[in-house]
Amino acid sequence: MSETATTYAARAHARAQEGSVVETQPTVPSTSISDPPAGVESRDVLWEETLGAGGYAARALPVGSRIRLVDIEGDTCVALVLHRADRPIERLCLPDTVKLQWQAYPGPGYLLLSDMGRVLASLLEDTAGHHDTFCGTSLPAEIAARHGSGALRSGRERLLLALAKHGLAERDLPTPINLFKGVRIEADGAITFLPASSRPGAHVLLRAEQDVLFSVAVVPHRLDPRPAYRAGKVRVTAWRGRPAAADDPARTATPEARRAFENTAEELALAVRTGGAR
């Protein structure tokens, strides 16, 4: 007889797994992580999770939160989307992000802007060096054509699953930014994929500039030509922090950045005055 053939046996089997740890799973409670970031108290950790190929997650995080993503194996690709937590109709808009900063290649100080010209997050640190604001994430037909029609899922499917856990649907999915894998736009407009965009231990550190819904999927870049479904493990850690100060470098770097932060501050102040009703 199978060890899970009866309810009692199944319960005993399930309880026997208590304390088991696998490579890709959340740390629960998050405050129990053994190595919090330097200068961070364990009690301030909001989220710690390791995601493998095909993994996805979504978490609501308060303004000021720091979110660090670490490329554990040096071969990951993370599709990221952001929504304003209390009004998810406002979400990441890559065309405005690129246009308003006159820059399509993210690096330290880069802002991720909403479709309403406000700042959702700032990129504070970046040791990967290459990210992609052009290509979006993979579609089901692309994954099937390259990897076969098995259990593998596209970036779009994974992000939709993440959003569904927060009551959002297909119409709420914006074009994601791809972290740790980059592209280069050639003079003739052709897109060149940069396969060796990251390295083991490379990380990006983001700061939430509003209360945000932070959603990620670890999936191959849609231009990755390899036949294997390859996206290395990534560790996500988020902790409480202070919002950007008035003299923060990300805020004062350019006239466009100042205006975006002013738009954000005005909206947040209005939300406070009206009790969140908009």
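1. Strand β3, the two faces. In this predicted model, β3 sends Arg66, Arg68 and Val70 one way. Ile67, Leu69 and Asp71 point the other way. All of these residues are buried, on either side of the strand. The alternation is what one expects: in a regular strand, side chains alternate between the two faces of the sheet.

2. Strand β3, cover. The strand takes in residues 66-71 and is mostly covered. Six of its six residues count as buried. That includes Arg66, Arg68 and Asp71 along with Ile67, Leu69 and Val70.

3. Strand β3, first partner. β3 runs antiparallel to β11, residues 202-208. Six bridges join the two. To check the register, start from leucine 69: its bridge partner in β11 is valine 204.

4. Strand β3, second partner. β13, residues 234-239, also pairs with β3 in the antiparallel sense. Six bridges make up this pairing. Here the register can be read from valine 70, which stands opposite arginine 235 in β13.

5. Helix α2, buried side. α2 covers residues 94-101, and its buried residues are Leu94, Asp96, Thr97 and Gln101. Viewed down the helix axis, they fall within an arc of 165°, so they line one face of α2. The spacing fits the general rule: an α-helix has 3.6 residues a turn, so residues three or four places apart point the same way.

6. Helix α2, what it packs on. The buried residues of α2 pack against two strands. One is β5 (111-113) and the other is β8 (177-179).

7. Helix α2, outer side and end. Pro95 and Lys99 are exposed, on the face of α2 turned away from its buried side. Just after the helix comes tryptophan 102, with a positive phi of about 55°. I would look at that residue when inspecting the backbone here.

8. The whole chain, fold content. The secondary structure comes to six helices and 13 strands. The radius of gyration is 20 Å, close to the 19 Å that the globule rule gives for 278 residues, so the chain is as compact as a globular protein of that length. The C-alpha trace spans about 70 × 50 × 35 Å along its principal axes.

9. The whole chain, contacts and surface. Among contacts between residues at least 6 apart in sequence, 73% join residues at least 24 apart. Buried residues account for 47% of the 278. The chain exposes about 13,600 Å², and carbon and sulfur atoms supply 53% of that area.

How values were computed
Residues are numbered from 1 along each chain as its sequence is written. This is a predicted model: local features need pLDDT of at least 70, side-chain atom pairs count only at pLDDT 80 or more; totals for chains, interfaces and linings use all residues. Side-chain values use heavy atoms; hydrogens and water are left out. Buried means under 20% relative accessible area, exposed over 50%, partly exposed in between (1.4 Å probe, protein chains only). Helices (H or I, at least four residues) and strands (E, at least two) are DSSP runs, numbered from the N terminus. The arc is that of the directions from the helix axis to the C-beta atoms. Contact means heavy atoms within 4.5 Å. Two strands pair if DSSP finds at least two bridges between them. The radius of gyration is taken over C-alpha atoms; the globule rule is 2.2 Å times the number of residues to the power 0.38. Accessible areas come from the Shrake-Rupley method with a 1.4 Å probe; for residues, only the protein chains shown count as cover.
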